[in-house]
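Trainee: Please take a close look at the interior of this model. I should like one connected account that shows how its parts relate to one another.

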Amino acid sequence: MTKRSEVAVPKTEPQKLVLAILSNAGGSGKTTLATHLAYELAHRQVGRRTCSVGLIDLDPQGSLSLFCGLEKPSDPEQSVSTVLSDNFSGDWPFVPCWSEHKLKVEVCQSIQQPLLKTADDLVNHPRGPYLLADNLKDYPVEHDLIIIDCPATLGRLNLAALAASTHILIPMQLEPKSASGAAELLQFYFIECRRLRLEPYPQIMGIVPNQYRADQAIHNEILEQMPIIIQQMQLKDAYSYPPIRFSYEFSNASGSGLPLHLYRKRHPACKDFAKLASDLSAIVGAK
């Protein structure tokens, strides 16, 4: 009989930081947040080397391709759809972006119709909600941080993101309707984490107020109420991050396939991501 001490115990690497950017509202700034955090983190140090970031596009709209200056792939095998299939063998379809700026950022892109079909297929798959988490575990990526850009729905693709993530950020426009939508999203989070038996639940880092206009009274009122809103949502460990201001230059930058830092590096909105980036960098370093 084999003694317990003789049984080989496989070595496991520390769990990577997998950040899902969740919102059930279109236009909340998910992709803007994902790309700018990727840029910020790619400038940070992990030990003695720069941080590497992988962006995964789970949104059928495929906005990451535009924001990162990439042509959309024509072959579904070169998109995230292949990762969510039984045929996936570990060859992650990441492609580099902003390489000319010597940044370690790669994107796993989406194609609309194949990803919509994949989402339908997940309904009947016995491991549907866990496929992304399974493949991140079975076929580890080299990135220090994975950021998942999620669709503006509460469907199967967001379940896959939820099961795969270690941390969550919720971007929110400073409008009354957005506040109620965030409450609905939190209900989805608690119900599905329990149903999926996630242990532990992915940590909600906080809410990120987005498209803030200092001259709008309603924006200032909601921003002032954010700590109370977070308390009412029973997010005792979550943080109300400094707002990301509204600027047309974000649209201009994304149209050029660049983060604002590379499009207009002296624009004041570049500083709006600093607190978030510092918190993420600390978690990446700890892991």
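Mentor: At 1% relative accessibility, C97 counts as buried, and this cysteine is a suitable place to begin in what is a predicted model. The closest cysteine sulfur to that of C97 belongs to C68, at 4.1 Å. A disulfide requires the two sulfur atoms to be within 2.5 Å, so the sulfur of C97 is too far from that of C68 for a bond. C270 is likewise in no disulfide, and its nearest cysteine sulfur, again that of C68, is 16 Å away. C270 is also classed as buried, because its relative accessibility is 7%, under the 20% limit for that class. For the structure as a whole, the number of disulfides is zero.

From the cysteines we may turn to the enclosed space. By the rule applied here, there is one cavity of 30 Å³ or more. The volume of the largest cavity is about 70 Å³. Its lining consists of S23, N24, A25, S28, I170, P171, M172, Q173, S178, G181, A182 and L185. Two elements give two or more residues to this lining: β8, covering 167–173, and α7. In character, the lining divides into six nonpolar and six polar residues, with no charged ones.

One of these lining residues, L185, deserves separate attention. L185 is located in helix α7, which runs over residues 176–195. With a relative accessibility of 3%, L185 counts as buried, since the class takes in values under 20%. Leaving aside residues up to four places away in sequence, L185 touches L22, S23, N24, L154 and I170. Of these partners, S23, N24 and I170 also appear in the lining of the largest cavity. A further lining residue, A25, stands 160 residues from L185 along the chain, yet the C-alpha atoms of A25 and L185 are separated by 9.4 Å.

A last part of the interior is provided by helix α5, residues 131–138, whose buried residues are L131, L132, D134, N135 and L136. These buried residues pack against several strands, namely β1 (17–21), β4 (53–57) and β7 (145–149). They also pack against the helices α3 (80–83), α4 (112–122) and α6 (156–164).

Technical notes. Residues numbered from 1 in each chain as written. Predicted model: local features only at pLDDT ≥ 70, side-chain atom pairs only at ≥ 80, totals over all residues. Heavy atoms only, no water. Helix = DSSP H or I, 4+ residues; strand = E, 2+ residues; numbered from the N terminus. Buried < 20%, exposed > 50% of the residue type's maximum accessible area, 1.4 Å probe, protein only. Contact = heavy atoms within 4.5 Å. 1 Å grid on protein atoms, 1.4 Å probe; cavity = no way out; pocket = protein on both sides within 12 Å on 5 of 7 lines; lining within 4 Å. Points joined across faces, edges and corners; volume = space filled by probe spheres on them. Nonpolar A, V, L, I, M, F, W, Y, C, P; charged D, E, K, R; others polar.
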